[in-house]
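These are my notebook entries on a two-chain model. I set out what I looked up, entry by entry.

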Amino acid sequence: MCRRLHLFCLALVLPAPLLALEFNMPTGVTDTSQSVFNLHMTIFYICLAIAVVVFGVMMWSIYHHRKSRGHEAAQFHGNILVEVIWTTIPFLILVAIAIPSTITLGDLYDASESDIDIQVTGHQWKWHYKYIGEDVDFFSVLATPREEIENRKKKNPNYLLEVDNPVVVPVHKKVRFLFTSNDVIHAWWVPDLAIKKDAIPGFINESWTRIKEPGVYRGQCAELCGKHHAFMPIEVKAVSESEYETWLADQKAAQQAAVAAADKDWSLEELVNTGATVYEKNCAACHQADGSGMPPTFPALDGSSIVQGEKLEHMKIVTNGRVEKGMPAFGKQLTAVDIAAVITFERNSWGNKTGDRVTPAEIQDLMDKQ
Amino acid sequence: MSAHAETMHHGPAKGFSRWILTTNHKDIGTLYLVFSLIMLFIGGTMAFVIRAELFQPGLQLVMPEFFNQMTTMHGLIMIFGAVMPAFVGLANWQVPLMIGAPDMALPRLNNFSFWILPFAFAMLLSTLFMPGGAPDFGWTFYAPLSTTYAPPSVTFFVFAVHMMGISSILGAINVIVTIFNMRAPGMKMMDLPLFVWSWLITAFLLIAVMPVLAAVVTMVLMDVHFGTSFFSAAGGGDPVLFQHVFWFFAHPEVYIMVLPAFGVISEIIPTFARKPLFGYRAMVLATVAIAFLSFIVWAHHMFTVGMPLAGELFFMYTTMLIAVPTGVKVFNWISTMFKGSMTFETPMLFAIAFIVLFTIGGLSGLMLAIAPADFQYHDTYFVVAHFHYVLVPGSVFGIIAAVYYWLPKWSGKMYDEKLGQWHFWLSFIGVNLTFFPMHFVGLAGMPRRIPDYALQFADFNMLTSLGAFLFGTTQLLFVYILIKTVRSGKKAEQLPWEGARGLEWSVPTPAPYHTFTTPPDLERK
């Protein structure tokens, strides 16, 4: 009912065709998002009313008090009483707005007594989620294919708002998010949850939600974080509690399998195939899908002396990164299998034909030594 | 005329050296205004690139890294290159004329503070051609994006900002010294025209906060080159410290860009309403109140950084308070119009549009002040819409209105009123078409500073881009009008506006090279 009333009022203000488009803040799926929305609409209507009165008087005056209608100018130039009145009334209106705002803000700040804690870490340009106390953690990367971004393929409805691994949470549980960052400042924003919080390197922020309806809620990084700021979306999947438990168990099993995979003997072909996927997700943004890079900032890998040279040097750069040039230390982000695979891929792709195979065990050794 | 005969003995120097060596406030005012117009078009071209890329979803024209350079440079150039110098130019022309002074108090300093600017901006623009590109961290240059992760050109950015800061501080000192010492005998502070009052307060804001900007860019420089860790948690610093220092400068900066426009509007409205300004004292007090409040609201730009609840509440309440003095100004302008005898020449049209559209920007500002709602608005196009409403139809319309209003006195020629009306209406439509839809995409969830966006934002973005192209090209008409006026405009009358009052209108048209070499006699008026 409330929402319909809002729509009706907006319809009066705006031309009709605009109604078909998305033009207002979402109501969201939590109690807090609902109260933020109500606050937004309240203050909007107050502003609208002020605008109507102020501009109304002004337009009336512009119409009636014009020289072309022969209006003679009065010569009054001040009145203490009206100055006091139009100082006091806005002040009282502000007090009236401040009260509900303070209550809502207090509620948003109360992250105590949570059921689930998830640590969210911003990376250039992906999100990492860690379920605290559950031994489950993963990266969440943009899933929109480059062909769509470069207009070579039709864009799907979730264009730029889809990821490979959504963060999964149960409905009706109080979920607390702890935000931090690995490099620059990012901001985690999901409009339907009314959460926007900066992820700041070296500091931890918190926020919380209790989602009422199952569904997929999408958002984006809101703080400029470099080149691919537009390409690190957020996808929150709210499911029933039992589905959540199943998902959590699957994740644990998958992570254990990944650890086991490190001990397996990998063939060159297996490594190259796995490496191609890892490369697409983690490297192609800077070094480009064809390995041509973007010199001088992001060097080409195709024909690179490091890629074609000593294995150890190549392994060190991928594992430890080159932070001063914007290359992250992938040893902290990827598994030994992924790093081994992507190095093998790079050493055997494009014009690079070294035939080298880098095994997960070698990477593990390197990481253990440091 | 005879009173000014003795001033005719020495006019401007001949040739190009006139502009380099001049210490004349009118020449320097013209230099500032022309410089600012050039910067408006350079910054505008960058806006064109931005809007062309955002015309449709997908990456079409530029790469994301270049897009970020464009948004950064657009912001820096429009703020420090277009809006601020334009107001200094207006101050140079008008402050001496309006207080009956022969020139600015420190003429050589005046020349110096202008001539720093072309070098500062040449240096800033040269970064576009450097390896690694121009600064790409937004005009707000948040650390560590502007320190550890910055392109090498950040060093040039730091020095360019230092130079702009020196120029602004020197300009502000000049304005203050002039107003305090060179008023015509008998002109008390409460007799000052409102434009002069607004500039006096602005000058104090500049002196207070430009050193803070210098401090923050120096800290960035130290973090980049000298191994300090002001903004790096790894070395015991804090990235949020950057934001506190930056916004302590940048919030008053917002008022630096709009208070002089308030002053202009307070001159124009009474003239065309043929009625004295309503509530002069209240206007002065409101301006002082706004200036004071501007120092205690800065963290409302940082509601999402994770401040303690008490901090959020403090900054929410103080920010809301700004609505009170700002409201007083709007009410006084409307009361000035009320029961006047109005005509609607181009300066008046721009002034009225200023009041309406600035108020819209002010109201969205009030919405942004509400911290819990700001969690949804922050860093979206709603914010972009808000600050463009206060800066474009606010500051920029204020500047344009001032130019139309005083141009007859400066040049001795009248602009073409018909073309002026065209310029106004096309700008008015263009500006609203550009910035109004931004409110909607922002509320619907589009973050700012992105080169590509989700499909549901496509329609409004196209509309915005079309509006931007209209608004941008319309400003070429403005240049045409200016050139046409100076070259072949009709001769302007001594008092071009029937309702105009004030000392600046008492000098001949065009204003001679030297005015008020003997102070005006205020008693006779």
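Why does A:Phe91 count as partly exposed? I found that its relative accessibility is 40%, and partly exposed is the class between buried (under 20% relative accessible area) and exposed (over 50%), with a 1.4 Å probe and protein chains only.

**Entry 1. Basis of the model.** I note that this is a predicted model, in which local features need pLDDT of at least 70 and side-chain atom pairs count only at pLDDT 80 or more, while totals for chains, interfaces and linings use all residues. Residues are numbered from 1 along each chain as its sequence is written, chains are lettered from A and ligands numbered from 1 in the order in which they are written, and side-chain values use heavy atoms, with hydrogens and water left out.

**Entry 2. Nonpolar patch.** I placed A:Phe91 in helix H3 of chain A; helices are DSSP runs of H or I with at least four residues, strands are runs of E with at least two, and both are numbered from the N terminus. A:Phe91 joins A:Leu92, A:Val95, A:Ile99, A:Ile103 and B:Leu321 in a nonpolar patch on the surface, with about 540 Å² of accessible area together. Accessible areas come from the Shrake-Rupley method with a 1.4 Å probe, and for residues only the protein chains shown count as cover. Patch members have over 30% relative accessible area and no salt bridge; nonpolar side chains (Val, Leu, Ile, Met, Phe, Trp, Tyr) are joined within 5 Å, like charges within 9 Å. Helix H3 of chain A (residues 80–108) gives the most to this patch, with five residues.

**Entry 3. Interface.** I looked up the contacts (heavy atoms within 4.5 Å): 99 residues of chain B touch 94 residues of chain A. The size of an interface is often given as the accessible area lost when the parts come together. Here the buried area (accessible area, 1.4 Å probe, that two parts lose on being put together, summed over both) is about 8,100 Å², and carbon and sulfur atoms give 71% of that. B:Tyr149, B:Phe375 and B:Gln376 lose the most area to chain A on the chain B side, together 9% of what that side buries.

**Entry 4. Polar pairs across the interface.** I found 27 residue pairs in polar contact between chain B and chain A, both residues at pLDDT 80 or more. A polar contact is a pair of N or O atoms within 3.5 Å; within protein, one must be able to donate a hydrogen and the other to accept it, and residues adjacent in sequence count only if both atoms are side-chain atoms. On the side of chain B that touches chain A, H11(B) gives the most, with nine residues. The rule finds one salt bridge across this interface, a salt bridge being a side-chain nitrogen of Lys or Arg within 4 Å of a carboxyl oxygen of Asp or Glu. A:Lys67 pairs with B:Glu498, their closest N and O atoms being 2.8 Å apart. Both belong to a network of salt bridges with B:Arg274.

**Entry 5. Salt bridges within chains.** I counted 16 salt bridges over all chains. In one of them, A:Asp164 and A:Lys281 have their closest N and O atoms 2.7 Å apart. A:Asp164 lies in the loop between helix H4 and strand S4 of chain A and A:Lys281 in helix H6, so the pair ties together parts 117 residues apart in sequence. A:Asp164 is partly exposed at 26%, and A:Lys281 is partly exposed at 40%. In chain B, B:Arg18 meets B:Asp27 in a salt bridge (2.7 Å, N to O); B:Asp27 is buried, with a relative accessible area of 3%.
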